[in-house]
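Work through the exercises below with the sequence and the model open. Try each task before reading its solution.

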Amino acid sequence: MKKRNLSRIFMCTAMALALVFSALCIPGPVAAKTVQLNYANFPPAPTFPCVQMERWKKEVEKRTNGQVRINTFPGGTLLGAKNMMDGVISGQADIGCLCMAYQPGRFMLTNATSLPLGIPSAKVGSLVLWDLYNKYQPKSFAKVKVLTMFTTAPANIMSEKPVKTLVDLRGMDLRASGGAAQILSAWGANQVGMPMSATPEALQKGVVQGLFSSLEVMKDLKFAEICKHVTMTDTVIYPFAVVMNMDRWNALPDDVKKVMTELGEEQAMWTGEYMDSHVTESVEWSKTTHQVEIITLSDAEKAKWNALLQPITDKWVGEAKAKGLPAAAIVEDIKAFTQKRAQ
Ligand code: 3IO
């Protein structure tokens, strides 16, 4: 090859590199570095964990002026109900929404919010859970950044056959998880454990004849088509967490971290309020569209149901103590936070 050709190739390459380099350096929106984050969720898109995910996405994108883009994956398309925590720790997703009831032993401290301690609503439950998390900073979340937490509204029985007494409940196959499952067992039902995302099929196939959870799913998952009876118990909430991969969190610019941190409690409150009002809407819809019967227990009957629940808290206190947790203080704090947040 002639020397002149070689120098021409060299010149062209240098110019091309210079062009690419200057393009990268142009300030303004074209070159602003956007951070893309993948957010995994386990249940179908119309359910409340996904509704809150879309709200969080919108707020973060708005408050960071588009510096952050969130790609949402509802319906277990990126991670499923039971591998949410490990999938976020290992970085398969950047952010994940998990239900603590699906791994009761793993999230023992925060699962104390699903003891029968009288949390009255999703709004209060969400703030109490947030308070409890911030006070105790449990080890189970040490490997992730917790972005927010929230709870369902109190659980009630949705069933194919009416449940009016403990006798009606005995041996009935009902789906629940975690703390709610222990309560069903104490009442004599045959508790079947599985995530909410597996429940529509289990109901369809007759594996279970109902479930024990918050009532917005009567509408969102169309359970009112199968479960024509609801028995009001208002006993127990399911706690949730939204967690982020620690390396991805540490790599975020400070102003983005600030936006997400400030959104933590606000998002808990927003989700609680959304859940509470959506439960009301779902119950009305179930009554008018599917003629669902709402059963309220008499005071005498409710007293019988409640009497069976004290051993559950005692058992949790014993197990938590054995694991070195300040169990009695945790239970007292949940009661005190409930009083404070219900005002
Ligand atoms: C729940 C979980 C996913 C979608 C909607 C939901 N409503 C209430 C829950 C609580 C829960 O995790 C469960 O298994 O009952």
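**Exercise 1. Place Ala307 and state whether it is buried or exposed.**

Step 1. Ala307 sits in helix α11, residues 299–307. Helices are DSSP runs of H or I with at least four residues, strands are runs of E with at least two, and both are numbered from the N terminus.

Step 2. Ala307 has 58% relative accessibility, so it counts as exposed. The classes are buried (under 20% relative accessible area), exposed (over 50%) and partly exposed in between, with a 1.4 Å probe and protein chains only.

Step 3. Take Gln67 as a second point: it is 240 residues from Ala307 in sequence and 54 Å away in space, C-alpha to C-alpha.

A note on the source: this is a predicted model, in which local features need pLDDT of at least 70 and side-chain atom pairs count only at pLDDT 80 or more, while totals for chains, interfaces and linings use all residues. Residues are numbered from 1 along each chain as its sequence is written, and side-chain values use heavy atoms, leaving out hydrogens and water.

**Exercise 2. Locate Thr233, classify it and list what it touches.**

Step 1. Thr233 belongs to the loop that links β9 (229–232) and β10.

Step 2. Thr233 counts as buried because its relative accessibility is 3%.

Step 3. Leave out residues up to four places away in sequence; Thr233 then touches Ala155, Asn156, Ile157, Trp187, Phe212, Lys302 and Trp305. Contact means heavy atoms within 4.5 Å.

**Exercise 3. Give the strand order of the open sheet and find its edges.**

Step 1. The 5 strands run in the order β2-β1-β3-β10-β4, with mixed pairing. Two strands pair if DSSP finds at least two bridges between them.

Step 2. β2 (68–73) and β4 (144–151) are the edge strands, each pairing on one side only.

Step 3. On average, neighbouring strands here are turned by 20° against each other, direction ignored.

Step 4. Now zoom in on β1 (residues 35–40): it runs parallel to β2 and is joined to it by 6 bridges. Tyr39 has Thr72 in β2 as its bridge partner.

**Exercise 4. Determine which strands α4 and α10 lie across.**

Step 1. Helix α4 (residues 122–136) crosses β4 and β10 (239–245), at about 150° to β4. Axes are lines fitted to C-alpha atoms, for helices over the stretch in contact, and angles run from 0 to 180 degrees between N-to-C directions.

Step 2. Helix α10 (residues 254–290) lies across β1, β2, β4 and β10, at about 20° to β4.

**Exercise 5. Describe the surroundings of the ligand.**

Step 1. There are 16 residues around the ligand (a heavy atom within 4 Å). Cys99, Tyr102, Arg175, Ser213 and Glu216 come nearest.

Step 2. Check the oxygen side: a polar side-chain atom of Tyr102 is 2.6 Å from a ligand oxygen atom. For Arg175, a side-chain N or O atom lies 2.3 Å from an oxygen atom of the ligand.

Step 3. Check nitrogen: a ligand nitrogen atom is 2.6 Å from an N or O atom in the Glu216 side chain.

Step 4. The ligand has 350 Å² of accessible area on its own, and the protein covers 100% of it. Accessible areas come from the Shrake-Rupley method with a 1.4 Å probe; for residues, only the protein chains shown count as cover.

**Exercise 6. Find the phi of Gln291 and its setting.**

Step 1. Gln291 is not a glycine, yet its phi is positive, about 50°.

Step 2. Gln291 lies in the loop between α10 and β11 (293–296).

Step 3. Gln291 counts as exposed because its relative accessibility is 58%.

Methods
Polar contact = N/O pair within 3.5 Å; in protein donor to acceptor, adjacent residues only side chain to side chain.
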